[in-house]
Amino acid sequence: MKTPFDAVISAIAAARYHNHRLEAHSDLVSDGIIADLRAQCATIRDDLASGIVRI
């Protein structure tokens, strides 16, 4: 089963460590959430495409 955080886990594995106190932590987590919302919610996807919502 694929989850929104698969990319987060892959990035941590590639870096071979993860520091939750760095900004990269919030970036990875928020990117995973946005990717999941984009994939699952047409309204968010349309808003992102039109620029109403910016990331």
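## Starting at Leu-48

Let's begin with one residue, Leu-48, which sits in helix α3. This is a predicted model, so everything here describes a prediction. Leu-48 has a relative accessibility of 15%, so it counts as buried, the cut-off being under 20%.

What does Leu-48 touch, leaving aside residues up to four places away in sequence? Its contacts are Ile-34, Arg-38, Val-53 and Ile-55. Leu-28 is another matter to look at: it is 20 residues from Leu-48 along the chain, and the C-alpha atoms of the two are 18 Å apart.

## The whole chain

Now for the wider view. The chain contains three helices and zero strands, and reading along the sequence gives you the pattern α-α-α.

How does the chain's radius of gyration sit beside that of a compact globule of 55 residues? Such a globule would come out near 10 Å, while this chain has 13 Å. Along the principal axes, the C-alpha atoms fill a box of roughly 35 × 25 × 15 Å.

As for the surface, the chain exposes about 4,500 Å², and 58% of that comes from carbon and sulfur atoms. Of the 55 residues in the chain, 5% are buried. Leu-48 is one of the residues that count as buried.

## Where α2 meets α3

Two packed helices are described by the angle between their axes and by the distance between those axes. Here, helix α2 covers residues 23–40 and helix α3 covers residues 42–50. They pack at an angle of about 110 degrees, and their axes lie 6 Å apart. Angles of 65 to 115 degrees count as roughly perpendicular, so that is how α2 and α3 are arranged relative to each other.

Which residues make this meeting? On the α2 side you'll find Ile-34, Leu-37, Arg-38, Ala-39 and Gln-40. On the α3 side are Ala-42, Ile-44, Arg-45 and our starting point, Leu-48. Sorted by character, the residues of this contact are six nonpolar, one polar and two charged.

## Two more residues to find

Is Ala-49 buried or exposed? This residue also has its place in helix α3, and its relative accessible area is 71%, so it is exposed. Its neighbour in sequence, Leu-48, is buried at 15%. Try picking out Glu-23 as well: Ala-49 and Glu-23 are 26 residues apart in sequence, and 25 Å separates them in space, C-alpha to C-alpha.

Over in helix α2 you can find Asp-36. With a relative accessible area of 32%, Asp-36 is partly exposed. Asp-36 and Ala-49 are 13 residues apart along the chain, and their C-alpha atoms are separated by 15 Å.

Methods: Residues are numbered from 1 along each chain as its sequence is written. This is a predicted model: local features need pLDDT of at least 70, side-chain atom pairs count only at pLDDT 80 or more; totals for chains, interfaces and linings use all residues. Side-chain values use heavy atoms; hydrogens and water are left out. Axes are lines fitted to C-alpha atoms, for helices over the stretch in contact, and angles run from 0 to 180 degrees between N-to-C directions. Helices (H or I, at least four residues) and strands (E, at least two) are DSSP runs, numbered from the N terminus. Angles under 35 degrees count as roughly parallel, over 145 as roughly antiparallel, 65 to 115 as roughly perpendicular and the rest as oblique. Contact means heavy atoms within 4.5 Å. Ala, Val, Leu, Ile, Met, Phe, Trp, Tyr, Cys and Pro count as nonpolar, Asp, Glu, Lys and Arg as charged, and the others, Gly among them, as polar. The radius of gyration is taken over C-alpha atoms; the globule rule is 2.2 Å times the number of residues to the power 0.38. Buried means under 20% relative accessible area, exposed over 50%, partly exposed in between (1.4 Å probe, protein chains only). Accessible areas come from the Shrake-Rupley method with a 1.4 Å probe; for residues, only the protein chains shown count as cover.
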